[in-house]
Amino acid sequence: MSKLKALFDHPLYNMPRPAVPEDDRLLKVKPKGKPIEKSSLMWVSDTQDGYDDAQWNSSSSSQPPWLRFHLGITRWELYPHLDPNMELLTEQLATHPIVSAVQKSGGTQLKLVISFPNYGQALFKPKKQERDEETNYNLYYFSDFERHNAEIAAFHLDRILGYRRIPPAVGRLVDVVKEIKDVTTDRKLAKTFFNSPGTHSSIIHGLSCKCSYYCSTEHALCGNPRDLEASLAVMLPDVSLAKRRSWRSPWRRSYSRSKLAKWETDPNYCATVKKTAPYDKGTRLVDFIDLVILDFLMSNMDRHHYETFEKYGNNTFLLHLDNGRAFGRHSKDEPSILAPLRQCCRIRRSTWLRLRLLSLPQYHISDVMRASLSQDPLHKVAPLLSEPHLAALSRRLKTVLETVSRCQEQHKDGGWGEDVIYDDLGDLK
Ligand SMILES: Nc1ncnc2c1ncn2[C@@H]1O[C@H](COP(=O)(O)OP(=O)(O)OP(=O)(O)O)[C@@H](O)[C@H]1O
Ligand SMILES: [Mn+2]
């Protein structure tokens with residue numbers, strides 16, 4: 001734990017920054033401390049059963065942690081470094097009673113939207129795979145399971161990298177009968193519960209769903225006997241309050257078993273991207289490279305899209321949502337994920353410096369991840385990432401740093417050494 005603390009106390013994580021301009025906040029509280037009207041809560045639920053009476057105003061001490069999280073979102077990050085709100089926010093996700101659970105439509109696998117008495121909401125993804133199972137090498141990335149522990153580990157890794165672009169996610173043991181079946185108003189969901197015919201003393205309940213893959217009784221999710229491990233990620237502000245835009249990744253895979261994508265065959269692919277909006281201006285390209293580095297470290301091949309908050313136009317951070325297909329394999333790295341860095345040879349200075357820090361023994365990436373993950377409530381059931389996955393992180397970090405060095409070498413020969421490192425620190429370096 002001391003390595004993690006030392007890392008977060010390091011000047012690279014505590015750079016002086018100008019105060020956030022009011023317009024850079026995603027949401028505003030109504031002026032003059034008027035209580036937030038009940039009507040603005042209509043999107044949460046139209047039945048008030050099980051919910052607390054909400055009496056919030058513009059004073060942050062009256063606001064529940066999920067609301068403080070929403071109000072803290074800015075143009076460049078989801079939450080501040082060493083956020084005092086984080087502990088209570090994650091504790092409530094892990095312990096607050098569940099008053100409702102409904103299926104979230106869309107996507108390939110079952111997800112639920114969970115609601116809490118203080119109107120907070122979370123995106124629930126259930127455990128589907130044991131921690132020590134590796135994704136079958138014959139399986140295409142788009143048929144892989146989503147892993148609840150990957151969602152949790154991705155949040156921790158994103159924070160350790162200093163990005164703060166993934167909504168906080170925690171693990172929780174959920175009683176599938178008491179906390180889902182008995183409280184859901186989603187009749188279709190309730191109908192998918194059944195008792196396992198094969199067990200004697202322990203009753204196993206499964207739930208399956210309506211979605212495109214893995215939603216049959218063969219892929220039922222089983223409680224043990226009723227407890228099911230899951231990840232709960234804080235919901236972002238509803239899109240009626242803060243619209244988001246979804247961007248197709250320029251390095252998207254073909255999602256076909258036979259076709260290659262353009263970036264896999266065209267060695268000059270990045271030159272075209274660099275000339276194309278929004279990658280031709282501002283920090284979009286280096287922000288995308290940040291995301292690529294996160295994905296390579298956790299071996300996530302499924303980054304087909306990313307999202308931004310529409311309010312900020314092109315000058316904003318990228319939301320790193322949907323990390324369930326990360327951490328599937330530890331014995332192999334996937335070099336193609338790093339293609340954008342190799343092809344564009346560009347990285348933010350602040351990211352590069354933090355990566356170098358994480359490769360030093362006193363801040364070693366595997367050690368700080370182990371420490372960070374040990375704070376999750378599911379750690380007492382089993383460590384969120386097995387040791388081989390933690391070891392893979394430091395091996396992959398080395399590859400990222402070698403790739404940057406190779407870029408610098410190549411660019412030095414061409415006489416344009418300045419190009420690789422994008423200077424986002426100015427005088428601070
Ligand atoms: N924390 C969150 N708060 C609000 N919305 C979210 C959150 N996380 C994800 N979403 C939204 O929910 C949608 C589905 O989530 P996610 O992509 O994780 O599920 P999925 O089943 O993996 O979907 P897909 O199969 O399309 O990849 C996302 O497109 C995103 O817009
Ligand atoms: Mn997905």
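A residue counts as buried if 20 or more other C-beta atoms lie within 10 Å of its own C-beta atom. The model worked on here is predicted.

**Exercise 1. Overall make-up**

Task: State what fraction of the chain is buried, then describe its secondary structure and contacts.

Solution.
- Step 1. Apply the burial cut-off to the chain. Of its 429 residues, 38% are buried.
- Step 2. Count the elements. The chain has 13 helices and twelve strands.
- Step 3. Take the contacts with a separation of 6 or more. Residues 24 or more positions apart make 71% of them.

**Exercise 2. Two domains and their contact**

Task: Find the domains, then work out which element gives the largest share of domain 1's side of the contact.

Solution.
- Step 1. Set the bounds. The domain assignment gives domain 1 as 44-234 and domain 2 as 244-428.
- Step 2. Count the residues in contact. Domain 1 puts in 35 residues, and domain 2 puts in 38 residues.
- Step 3. Look at the elements on the domain 1 side. Both α4 (148-160) and β4 (169-175) supply at least two residues there.
- Step 4. Pick the main contributor. With ten residues, α4 gives the largest share of this side.
- Step 5. Sort the domain 1 side by class. It holds 16 nonpolar, 14 charged and five polar residues.

**Exercise 3. The ligand shell**

Task: Describe the residues around ligand 1 and explain where ligand 1 lies relative to the domains.

Solution.
- Step 1. List the nearest residues. The shell has 15 residues, of which Gly107, Thr108, Pro167, Leu236 and Asp322 come nearest to ligand 1.
- Step 2. Sort the shell by class. Six residues are nonpolar, five are polar and four are charged.
- Step 3. Assign the shell to domains. Domain 1 and domain 2 both contribute residues, so ligand 1 lies between them.

**Exercise 4. The annotated binding site**

Task: Which residues does the UniProt annotation "binding site" cover, and where do they sit in the chain?

Solution.
- Step 1. Read the record. The unreviewed UniProt entry marks Glu146 and Asp322 as "binding site".
- Step 2. Compare sequence with space. The two span 177 residues in sequence, yet their C-alpha atoms are no more than 9.1 Å apart, so they gather at one spot.
- Step 3. Place Glu146. Its loop runs between β3 (121-126) and α4.
- Step 4. Test Glu146 for burial. It has 26 other C-beta atoms within 10 Å, so it is buried.
- Step 5. Find the contacts of Glu146. Leaving out residues up to four places away in sequence, Glu146 touches Gln109, Lys125, Lys128, Gly324 and Arg325.
- Step 6. Repeat for Asp322. It sits in the loop between β10 and α10 (339-344). With 24 other C-beta atoms within 10 Å, Asp322 is buried.

**Exercise 5. The loop after α9**

Task: Are Ser299 and Asp302 buried or exposed?

Solution.
- Step 1. Place both residues. Ser299 is in the loop between α9 (284-298) and β10 (305-309). Asp302 is also in the loop between α9 and β10.
- Step 2. Check the record for Asp302. The unreviewed UniProt entry gives Asp302 the feature "active site".
- Step 3. Apply the cut-off of 20. Ser299 has 23 C-beta neighbours inside 10 Å, so it is buried. Asp302 has 20, so it is buried as well.
- Step 4. Find the contacts of Ser299. Beyond four places in sequence, Ser299 touches Ala326, Phe327, Gly328, Arg329, Asp333, Glu334 and Ile337.
- Step 5. Check a separation along the chain. Ser299 and Ala392 are 93 residues apart in sequence, with 9.5 Å between their C-alpha atoms.

Notes: Residues numbered from 1 in each chain as written. Chains lettered and ligands numbered in written order. Predicted model: local features only at pLDDT ≥ 70, side-chain atom pairs only at ≥ 80, totals over all residues. Helix = DSSP H or I, 4+ residues; strand = E, 2+ residues; numbered from the N terminus. Buried ≥ 20, exposed ≤ 12 C-beta atoms within 10 Å, placed from the backbone. Contact = placed C-beta atoms within 7 Å. UniProt positions renumbered as here; feature names shortened; annotations may be inferred. Near = placed C-beta within 6 Å. Nonpolar A, V, L, I, M, F, W, Y, C, P; charged D, E, K, R; others polar. Domains from an automatic or database assignment.
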